[in-house]
Amino acid sequence: MAPNGPAALVRTPGQSQRATLLELFFDLVFVAALAVISMNLARSISWAAVIHALLPLMALWWVWATTTLVTDFFDPERLPIQVIILGAMLGSILMATALPRAFGEYGLIFAVTYVVVHISRGLYLIIISRGHLVRARVGRFIFWFAVSAIPWILGALTHRSLARGVFWGIGLAVEYGVAGFRYPTPWLGRVPLDQYDKAQEHIGERYQQFMILALGDLILVSVLRLNREGFGAAHTVAFLATFATTVLLWQIYVYRAGSLLVNLPKGKPGRVVRWAPYTHMIMIAGIVAASAGADLVIQRPTGSMPPGWVAVLFGGSILFLIGRTAFEFEVFDRISRSRVAWLVVLIGVSPAMVLVAPVTAAIIKALILLGIAVSDAVRGRARGYA
């Protein structure tokens, strides 16, 4: 007999794990959001600009990650869960719209929307899951989002950019921190480990889909910039180097760990589900920085290479590789020595990039990423993976 009531909202073991069209529709919001963050960062390379890009990025990513966790546990084909997805989508749109001035006059809109997305989702799940054991799981989430709402609102109410960043950083630290410790609460304890182990290929597919969209940020930003600058020789070469970088980052991501995320070894799902939001956040931050660097290089491919440009152009790929290496450790309990060696090369050559033209630096970075992809392929063939 098919379950009814609140039990019907929970995924069943034999249910299809494919992402729904509504989930893919939800993801589209983040293409625009990532592009906005990248282009804002490209306008001003400074520590303040980095913070103004990183904190909203972490907030938007947490909306996506927590919504994805909901759709991995609950059935996204059910109307009540679809309402949650659409609500998160509307909230994400408002946050993306307010993002360029989140540290200015739109701070209250950004923060309140973020808080409302999390709190309203929790309250709604509490109501529709009445009488079901799943309410305990939802209760842990809503408790901590209510706690983190305090610094979010306090930050929005202050008019000082630094103070706002501190408050919002505290709010994010609470949210990211308690998730790693499985949302401990005074009366409910922590989320049981076996609940994480129930995740299957759905959540792996969702992370892969988001990574495609994130890499699409590199394509979107570079296309918009080339459209403004025209098809000059140097501009075109910089664009082609960006395209090559995008393809290589995707290849580096999907090699082994990325492709196996949808079919994890026995005993792995719980651990990977718990830590995937953190490793992917690092990779996405790297892509956003790399997109900002691509925007700058295509805009002015010749002339001097300011240190700030090097920081985003090379630092983005460095962050991506750090996140990818940590992700590999999650899946396989080992780290590729060749990838670490190439990471050292990438870090080692970056200071010298101030001596070359921006387009030359972009080509050098792409060649290093090519070296990583080739090393992966050679190593994989030697081990019988291909």
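Helices in this tour are DSSP runs of H or I with at least four residues, numbered from the N terminus. With that in hand, welcome to the tour; please keep in mind that the model you have open is a predicted one.

**Stop 1: the whole chain**

Start with everything shown as a cartoon. The chain has 13 helices and zero strands, so-called α elements following one another from the N terminus on. Of its 386 residues, 55% count as buried. Now switch on a surface: the chain exposes about 16400 Å², and carbon and sulfur atoms supply 70% of that area. One more number for the overall view concerns contacts with a separation of 6 or more: residues 24 or more positions apart account for 82% of them.

**Stop 2: Ser375 in helix 13**

Select Ser375, which lies in helix 13. Is this residue buried or exposed? Ser375 counts as buried, because its relative accessibility is 18% and the cut-off for buried is under 20%. Next, add Ser338 to the selection. Ser338 and Ser375 are 37 residues apart along the chain, and their C-alpha atoms are separated by 6.9 Å. Leaving aside neighbours within four places in sequence, Ser375 is in contact with Ser338 and Trp342. Show the side chain of Trp342 as well, and you can find a polar contact of 2.9 Å between the side chains of Ser375 and Trp342.

**Stop 3: Asp376 and its network**

Move along to Asp376. Its side chain meets that of Arg339 in a salt bridge, 2.8 Å from N to O. Asp376 lies in helix 13 (residues 358-382) and Arg339 in helix 12 (residues 337-349), so this pair ties together parts that are 37 residues apart in sequence. Both Asp376 and Arg339 are buried. Now select Arg324 and Glu328 too: salt bridges that share partners join Arg324, Glu328, Arg339 and Asp376 into one network.

**Stop 4: Thr325 in helix 11**

Keep Arg339 visible and select Thr325, whose place is in helix 11 (residues 307-332). Thr325 counts as buried at 11% relative accessibility. Which residues does Thr325 contact, leaving aside its neighbours within four places in sequence? They are Ile335 and Arg339. Show the backbone of Leu321 as well: its oxygen lies 2.7 Å from a polar atom of the Thr325 side chain.

**Stop 5: helix 8 and its salt bridges**

The structure holds nine salt bridges, and two of them can be visited from helix 8. Begin with Arg206 and Asp27, which form a salt bridge with the closest N and O atoms 2.7 Å apart. Asp27 lies in helix 1 (residues 21-43) and Arg206 in helix 8, so the pair ties together parts that are 179 residues apart in sequence. Both residues, Asp27 and Arg206, are buried.

Then select Arg225 and Asp295. Here the closest N and O atoms of the salt bridge are 2.5 Å apart. Arg225 lies in helix 8 and Asp295 in helix 10 (residues 269-299), so the pair ties together parts that are 70 residues apart in sequence. Arg225 counts as buried at 13% relative accessibility, and Asp295 counts as buried at 3%.

**Stop 6: Asp217, a charge without a salt bridge**

Stay in helix 8 (residues 201-229) and select Asp217. Asp217 is buried yet has no salt bridge. How far away is the nearest side chain of opposite charge? That side chain belongs to Arg228, and it is 11 Å away. What you can display instead is a polar contact of 2.6 Å between the side chains of Asp217 and Ser38. Leaving aside neighbours within four places in sequence, Asp217 is in contact with Leu34, Ala35, Ser38, Ile287, Val288 and Ser291.

**Stop 7: the aromatic rings**

For the last stop, show the rings. The count comes to 21 aromatic pairs. One of them is formed by Trp64 and Phe210, a tilted pair at 4.7 Å centre to centre with 50° between the planes. This pair links distant parts of the chain, with Trp64 in helix 2 (residues 47-73) and Phe210 in helix 8, 146 residues apart. Trp64 and Phe210 are both buried. To finish, select Phe26, Phe30, Trp61, Trp64, Tyr207 and Phe210 together: ring pairs link them into a cluster.

Terms used: Residues are numbered from 1 along each chain as its sequence is written. This is a predicted model: local features need pLDDT of at least 70, side-chain atom pairs count only at pLDDT 80 or more; totals for chains, interfaces and linings use all residues. Side-chain values use heavy atoms; hydrogens and water are left out. Helices (H or I, at least four residues) and strands (E, at least two) are DSSP runs, numbered from the N terminus. Buried means under 20% relative accessible area, exposed over 50%, partly exposed in between (1.4 Å probe, protein chains only). Lys and Arg count as positive and Asp and Glu as negative; His and the chain ends are not counted. A salt bridge is a side-chain nitrogen of Lys or Arg within 4 Å of a carboxyl oxygen of Asp or Glu. A polar contact is a pair of N or O atoms within 3.5 Å; within protein, one must be able to donate a hydrogen and the other to accept it, and residues adjacent in sequence count only if both atoms are side-chain atoms. Contact means heavy atoms within 4.5 Å. Rings of Phe, Tyr and Trp (its six-membered ring) pair if their centres lie within 6.5 Å; planes under 30 degrees apart count as stacked, over 60 as edge-to-face and the rest as tilted. Accessible areas come from the Shrake-Rupley method with a 1.4 Å probe; for residues, only the protein chains shown count as cover.
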